[in-house]
Amino acid sequence: MPARLPYAYKYLRAKKKFPHVWCPGCGIGIVMGSIIRAIDSLGWDLDDILMVSGIGCTSRMPVYVDFNTLHTTHGRALAFGTGAKMANPKLKVLAVMGDGDSMAIGGNHIIHASRRNMDITAIIVNNNNYGMTGGQFSPTTPQGAKTSTTPYGMIEPDFDICKLTEAAGANFVARGDVYHVIELDGMIKKALSGSGFRVVEALAPCPTNFGRANRQGDAVNMMELLKDNTINIAQASKLSKEKTEGKTVRGIFVDRDEIGYLERYEELCDRVLSEVKK
Amino acid sequence: MSGVPWGETKLVQGNEAVALGALAAGIDFFAGYPITPSTEVAEILAREMPVIGKKWIQMEDEIASISAIIGGSLAGGRSMTATSGPGFSLMQEGLGYACMTEVPLVLVNVMRGGPSTGLPTQVAQGDVMQARWGTHGDHPAIVLAPSDVKECFDLTVKAFNLAEEFRTPVILMPDEVIGHMREKLTFPKEEEVCVIPPSSPDVPLEWYEHYHTSATGVSPMAHFGSGYRFHVTGLTHDTHGFPTRKVDEVVSKMNRLKQKITRRLDVLENNMIHDVENCDVVIFCYGSVYRSALAAQKILAKQRKKVGIFRPVTIWPFPDRTVKEMLDSKEVILVPELNQGQIIHEVERLTSDSVRVVPLHRFDGYEITPEQLVAAVLEVM
Ligand SMILES: Cc1ncc(C[n+]2csc(CCOP(=O)(O)OP(=O)(O)O)c2C)c(N)n1
Ligand code: SF4
Ligand SMILES: [Mg+2]
């Protein structure tokens, strides 16, 4: 049996839910692979994991993995996840979202989940557009890019997911991509290993919509673009500004150990209880 | 005050009674966003819940609040939120999700004047139809409307129980007058309160179907982290919870959603009916208007005018059969409402053309007084 198969039968709803909905060449499945490898290396019990998502191609992921799985409404994964985590703190909550899910309709929720340092790991698949609805622009569509709702090019500036969540207070913030997949595995593992709000942005191609609209070629070409147009933070620090100009930096940008929300809430309960007893 | 004052008699506000009712029902998790005239519910629970180690959170908006309590409920916590008109509008998305995914929760909507920001501190009953049909698609609705402070307590406990029993959201809708009024309330003794605990399946793990089709249409629900691993989605799903577009599975799901309510109307129906058999005029009312109707009935009795009162406590599902049986033979039914006419259409639907169904609308932010009702009754007689 090839080495990959045990993963398939242990972590995937392999017999029931495949084939999946994703297009050939889509990057989302690679992110799913990274998540599974990270969880496997941590040895977590499947019963303890809750994967929650919003709506979109990315957010279809929970149906394929054999954890506790919750596919919610567009943008709200973190709000549902917050409730589940509070009601049962033993759950390890993993929120999987698209760029539109997390930055547009769910923008408010991610700011506040970051600020609260809510004990959830957010994996955001950034394919620079709304894949599911046919390739409209998202808050992470680069200026100038074409999408079905920016036929003349995007005029709005884009969000930097990592900077935004860092500024809002997330404990851990990293960016990887699906070409540098071993690096991505490591980032996700690191994200899952700590407390507080933890974010991994995974750049991934959507060849069907964004790729086609912007003449980026097929899925293989788009993977090569990730290889050529991104640079690891350690390498970038050694190079001159001109050499890194126009490249997207990958790496772990924030790794803090601030106390997470649930621990703070427990402290509150202990404090008020001791005051009441007095 | 700390916790439920079991067995004691106190002067209590309606919203306070709702909060204490939630504690009596064993609430585990509250998520909300402040809004007049419901804020006291959140404030009291913010004070009380951490003391007993229960979870409370103020979310960033009402969409997040209802989303959070759905997550909480699925993870095994008895969950509630409280809001008013503008927040209730924002909660429609989550409400539909909870109906579709059959998640028990309690949503308190203390009604104020609308539309939009409307009359934030004043009374209305303008959300009655929104509570029935506010979220998109066909869906079940269970809505309870208290008329006094004791009912705020009792119906909150009942709302939690019905939510468990029917695996669906239950909406408690006091109007602002009821939420803010203070009355003497004798709390029950702890052992007198019946609380239905969250269900749990007893089948082997691999047999579990999250939406098993049972005779009642409702099956025991497992929770995240219990060892039963299942999938929940707002997409139309099969009995295991996985998305489906197969015609028979779609139809079966939709029928069950409807029939789990319609087949058990007897459990849900709850009316207060006074002197309807032998009267000249029936006042059909709910919420705070019922109080004025009782007062008007007394005043009119002194003038030898016989007035009957029909009050649904459960306003949705509407008591179709009883209304038809008891009211279709009447000459005049007066339907006073704190809106421009909502429940009246249900009464009209269920009565023949020969029955005069007369509206009385008030939507200026003030309650309908007994005197107003007396004048209206005399006019229609
Ligand atoms: C409230 C609401 N508005 C709009 C939609 C339609 N919709 C579905 S997915 C989606 C965007 C998905 O984009 P993204 O989050 O980037 O995920 P991707 O498909 O790219 O993975 C939209 C707008 C919806 N389902 N719900
Ligand atoms: S539309 Fe794009 S994001 Fe969606 S499955 Fe296809 S390639 Fe992937
Ligand atoms: Mg996207």
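**Note on the seven-stranded sheet of chain B**

1. In this predicted model, strand β5 of chain B, residues 105–109, runs parallel to β9(B) and is joined to β9(B) by four bridges. Within this pairing, B:V106 stands opposite B:V170 of β9(B).

2. Strand β8 of chain B, which spans residues 142–144, also pairs with β9(B) in the parallel sense, here over three bridges, and B:V143 has B:I171 of β9(B) as its bridge partner. Between β8(B) and β9(B) the chain passes through helix α7 of chain B, residues 149–166, and the β-α-β crossover made in this way is right-handed.

3. Strand β9 itself, residues 169–172 of chain B, is covered on both faces, with B:P169 and B:I171 buried on one side and B:V170 and B:L172 buried on the other.

4. These strands belong to an open sheet of seven strands in chain B, whose order is β3-β2-β4-β5-β9-β8-β15 and whose pairing is mixed. The edges are formed by β3 (55–58) and β15 (314–316) of chain B, each of which pairs on one side only. On average, and with direction ignored, neighbouring strands of this sheet are turned by 20° against each other.

5. Elsewhere in the sheet, strand β2 (residues 29–32) and strand β4 (residues 79–83) of chain B run parallel and are joined by two bridges; B:F30 has B:M80 in β4(B) as its bridge partner.

6. Chain A also enters the picture, since its helix α3, residues 77–87, lies across β2 and β3 of chain B and runs at about 155° to β3(B).

How values were computed: Residues are numbered from 1 along each chain as its sequence is written. Chains are lettered from A and ligands numbered from 1 in the order in which they are written. This is a predicted model: local features need pLDDT of at least 70, side-chain atom pairs count only at pLDDT 80 or more; totals for chains, interfaces and linings use all residues. Side-chain values use heavy atoms; hydrogens and water are left out. Two strands pair if DSSP finds at least two bridges between them. Axes are lines fitted to C-alpha atoms, for helices over the stretch in contact, and angles run from 0 to 180 degrees between N-to-C directions. Contact means heavy atoms within 4.5 Å. Buried means under 20% relative accessible area, exposed over 50%, partly exposed in between (1.4 Å probe, protein chains only). A crossover is right-handed if, with the strands pointing away from the viewer, the path from the first strand over the helix to the second runs clockwise.
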